[in-house]
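Q: Please take a close look at the ligand site in this model, and then set it in the context of the domains around it.

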Amino acid sequence: YTLGLATTELALHAPSQIASAVKTRANQLGFNVVISMTDNLSLSACRAAVSELMSQRVDGVLINVPLSNDSADAIAQMCGNLPALFLDVDPQADVFKILFDPHCGAEQGVEHLLALGHQQIALLTGPLESISARLRYEGWLETLAKHAVTPCAVQHGDWSAASGYQQALLLLNQPVRPGAILVANDQMALGVLRAVHEYGLRVPEQISVIGYDDTEDSAFFFPPLTTIKQDFRLLGHESVNRLVDHLHTHGDRRRSSLLLPTSLVERHTTA
Ligand code: IPT
């Protein structure tokens with residue numbers, strides 16, 4: 001078999017670690033993986049990436065591109081009989097999928113900060129064209145609202161460390177200085193830490209920062225980053241297993257979608 005992986009920007013840490021995990025598991029099972037990458041978040045970019053894989057006669061595709069429900073339907077339809085497993089869609093989307101529960105992750109971050117006594121909490125989301133960025137943001141707002149807390153400021157980044165740095169400077173310059181910043185991924189949190197240090201504030205004594213992903217290097221940020229772990233090795237392993245299983249049974253068995261849990265990893269950026 002040859003598996004296809006359509007992926008969003010591989011310069012980002014999470015998608016590259018997912019691709020690595022997919023490749024590792026596929027190799028263990030003796031399969032090839034061909035990769036095509038989108039360079040923006042439009043539906044047409046995803047279509048182009050999937051059609052590139054189809055023209056290489058792959059036996060099944062993994063799609064790690066953020067897709068709204070309508071876009072996921074469109075891509076599933078385009079795949080026709082070709083098995084397609086989605087990795088970045090809404091848990092409600094009616095497609096074959098394996099996802100980390102965005103609501104669970106958002107809730108764990110908020111609950112951790114509230115348990116530490118924080119009330120002045122600022123939010124730094126990912127790009128709102130991304131379904132996962134949107135769902136994490138909604139999860140934060142819902143959990144905060146349950147505790148009658150409103151965020152003291154909100155900014156939107158693009159997942160990169162550079163955007164984290166720029167947006168953190170805006171958050172720090174608000175009239176009410178946040179006591180904690182909830183960040184939608186570790187790369188942006190890296191930029192936030194630099195901005196906070198340049199601003200002359202101590203982490204975690206004067207301001208707490210929490211990330212999301214727990215990518216490979218996050219334990220080596222300074223200070224080591226508290227974050228919400230998504231186990232990308234497990235995702236790669238499970239997604240290849242399930243896609244291959246689907247191929248073997250010719251789709252006879254009911255496709256079983258899976259929602260993976262996230263977990264809080266407490267290091268030294270929250271207090
Ligand atoms: C998601 C990451 O959490 C985020 O950091 C960013 O890299 C994004 O991917 C890129 O699309 S993980 C995804 C499987 C929801």
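A: **Ligand site and domain interface**

In this predicted model, the ligand is surrounded by 14 residues. The closest of them are S132, R136, N185, D213 and Q230.

Three of these residues have a side-chain N or O atom placed against an oxygen atom of the ligand, as follows. For R136, a polar side-chain atom lies 2.9 Å from a ligand oxygen. For N185, the distance from a side-chain N or O atom to an oxygen atom of the ligand is 3.0 Å. For Q230, the corresponding separation is 3.2 Å.

Now the domains. The assignment splits the chain into domain 1, made of two segments, 2–100 and 231–260, and domain 2, which covers 102–229. Taken over C-alpha atoms, the centres of domain 1 and domain 2 are 28 Å apart.

The two domains also touch: 15 residues of domain 1 are in contact with 12 residues of domain 2. Between them they bury about 1300 Å², and carbon and sulfur atoms account for 62% of that area. No salt bridges are counted between domain 1 and domain 2, while three residue pairs are in polar contact across their interface, with both residues at pLDDT 80 or more.

On the side of domain 1 that touches domain 2, helix α1 (residues 13–28) gives the most, with three residues. By residue class, that side of domain 1 consists of 10 nonpolar, two polar and three charged residues.

How values were computed
Residues are numbered from 1 along each chain as its sequence is written. This is a predicted model: local features need pLDDT of at least 70, side-chain atom pairs count only at pLDDT 80 or more; totals for chains, interfaces and linings use all residues. Side-chain values use heavy atoms; hydrogens and water are left out. Domain bounds come from an automatic or database domain assignment. Contact means heavy atoms within 4.5 Å. Buried area is the accessible area (1.4 Å probe) that two parts lose on being put together, summed over both. A salt bridge is a side-chain nitrogen of Lys or Arg within 4 Å of a carboxyl oxygen of Asp or Glu. A polar contact is a pair of N or O atoms within 3.5 Å; within protein, one must be able to donate a hydrogen and the other to accept it, and residues adjacent in sequence count only if both atoms are side-chain atoms. Helices (H or I, at least four residues) and strands (E, at least two) are DSSP runs, numbered from the N terminus. Ala, Val, Leu, Ile, Met, Phe, Trp, Tyr, Cys and Pro count as nonpolar, Asp, Glu, Lys and Arg as charged, and the others, Gly among them, as polar. A residue is near a molecule or strand if one of its heavy atoms lies within 4 Å of it.
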